[in-house]
Amino acid sequence: MNKARALLPILWLACGVCTAAAQTDFPSRPIRMIVPFPPGGGIDTTARITAQKLSEVIGQQIVVENQGGGGGVIATGAVVNAAPDGYTLLYHSTTGIVHAAVTPKLPYDWLKDLAPVSITTRFAPVMVVSPTLPVTNLKEFIALLKANPGKFSYASSGTGTAVHLAEELFRQKAGVDMVHVPYRGTIAAMPDLIAGRVAMMIDGVPVQTKNIQAGTVKALAVTTDARSPALPDLPTMKESGLDYVVPYWTAVYAPSKTPQPVIDRLAAAFKKTMQSDEVTKKLAESGTEAVGSTPAELDALTRQQFTLYRGIVESNPKLVEGE
């Protein structure tokens, strides 16, 4: 018994050395990057552009794995329950934080069960309106809505989605009365928006740029702090007189107990990847800005966005009834 006790410190030291060695050698095998969306969509495309370059930077293959369904719960849960060793990552977007903020019962706590790694991309949402409306800018649109309370509607990609809550925040900030019309995605709403059956929608610049350029919709403002490089002549909402800032973004998370040296190694690799000319150029072609950040910067963004969207719902709980 005494010999066994004497060996314990040695075993603990050996375990510590092995763990440290594993962290130093990271990564020594391929890394899975789980995307909670089907292949071919906008978020999946940015993930694959990122993964291709990241493989070169970090010296191991980055395998993009699509796990759609359940509003992202399946993919997020897979990462939360994965071994916290840095070999399973979550590539998610604003949608994940929105879902966590508005859904009371999830099998995980986003803020506790996921470790922030890096912000990967950022892209501006843009307010587009029907070409049938007699407005050319945000001030005219708000004036039209105030003169006709309850007459006009806004389209969303579904109740409780990022699009819906961004539009609801606009309604609150502008002090206007509009009717919410949910669709199965923003693409499904386009025919009604173009025809004037719904008046407005807030959608990502990468999705709407071609429609704006073709004149099938009118763009009034972007919702970010700065103008979008893809639409440099379009003002922000702040420039248009409304105190409103809602960015869209993508980011990478790891299981919460992943060792900090591994998180730091991943963050440095993502930053180098996102700031490479190759990735920056590819993403810019679709109106998306490559970022690359520290874990602390992503943590701050995550908490700020969680608070923002939770606040929108708490101000009007009926928004997401039935979700």
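## Strand pairing, to begin with

Two strands count as paired if DSSP finds at least two bridges between them. Strand S5 (residues 125–129) and strand S8 (residues 200–204) are joined by five bridges and run antiparallel. Within this pair, Pro125 has Gly204 of S8 as its bridge partner. Strand S8 is mostly covered, with five of its five residues buried.

Please keep in mind as you read that this is a predicted model.

## The chain as a whole

The chain holds 12 helices and 11 strands. Along its principal axes, the C-alpha trace spans about 85 × 40 × 30 Å. Of the 323 residues in the chain, 49% are buried. Among contacts with a separation of 6 or more, 76% are between residues 24 or more positions apart.

## The six-stranded sheet

Six strands form an open sheet in the order S2-S1-S3-S10-S4-S11, and their pairing is mixed. Strand S2 (62–66) and strand S11 (289–290) are at the edges; each has a single partner strand, so one side of each has no neighbour in the sheet.

Further in, strand S4 (residues 114–123) runs antiparallel to strand S10 (residues 248–255), and eight bridges join the two. If you would like a landmark in this pair, look for Ser118, which stands opposite Val252 in S10. Helix H4 packs on the sheet, where it touches strand S3 (88–93) and S10, and the direction of H4 makes about 85° with that of S3.

## Helix H12 and its two partners

Helix H4 (residues 94–102) packs with helix H12 (residues 295–315) at an angle of about 50°, their axes being 8 Å apart. That angle makes H4 oblique to H12, and H4 passes H12 in a right-handed crossing. From H4, the contact uses Thr94, Ile97, Val98, Ala100, Ala101 and Val102, while H12 brings Thr302, Gln305, Phe306, Tyr309, Arg310 and Val313. By class, the residues of this contact are eight nonpolar, three polar and one charged.

Helix H7 also packs with H12, here at an angle of about 65° with the axes 10 Å apart. The crossing of H7 and H12 is left-handed. On the H7 side you will find Ala162, Leu165, Glu168, Leu169 and Gln172, and on the H12 side Leu308, Tyr309, Ile312, Val313 and Ser315. Seven nonpolar, two polar and one charged residues make up the contact of H7 with H12. Tyr309 and Val313 of H12 take part in the contact with H4 and also in the contact with H7.

## Helices H2 and H11, with a buried lysine

Helix H2 (residues 42–58) and helix H11 (residues 277–284) pack at an angle of about 165°, with 10 Å between their axes. This makes H2 roughly antiparallel to H11, and their crossing is right-handed. Thr46, Ile49, Gln52 and Lys53 of H2 meet Glu278, Val279, Lys282 and Leu283 of H11. Sorted by class, the contact of H2 with H11 has three nonpolar, two polar and three charged residues.

Lys53, which lies in helix H2, deserves a look of its own. Why does Lys53 count as buried? Its relative accessibility is 17%, and buried means under 20%. Leaving aside residues up to four places away in sequence, Lys53 touches Thr273, Ser276, Glu278 and Val279. Of these, Glu278 and Val279 are among the H11 residues in the helix contact.

## What covers H3 and H8

In helix H3 (residues 73–80), the buried residues are Ala75, Thr76, Gly77, Val79 and Val80. Which elements cover them? Strand S1 (31–35), S3, helix H5 (110–113), S4 and S10 are included in that cover. S1, S3, S4 and S10 also appear in the strand order of the open sheet.

Helix H8 (residues 186–195) has Thr186, Ala189, Met190, Asp192 and Leu193 buried. These pack against S5, strand S6 (153–156), helix H7 (162–174), S8 and helix H9 (205–214). The list includes S5 and S8, the antiparallel pair described at the start. After H8 comes Gly196, which has a positive phi near 90°.

Conventions
Residues numbered from 1 in each chain as written. Predicted model: local features only at pLDDT ≥ 70, side-chain atom pairs only at ≥ 80, totals over all residues. Heavy atoms only, no water. Axes fitted to C-alpha atoms, helices over the stretch in contact; angles between N-to-C directions. Helix = DSSP H or I, 4+ residues; strand = E, 2+ residues; numbered from the N terminus. Parallel < 35°, antiparallel > 145°, perpendicular 65-115°, else oblique. Left-handed = near helix turned anticlockwise from the far one by under 90°. Contact = heavy atoms within 4.5 Å. Nonpolar A, V, L, I, M, F, W, Y, C, P; charged D, E, K, R; others polar. Buried < 20%, exposed > 50% of the residue type's maximum accessible area, 1.4 Å probe, protein only.
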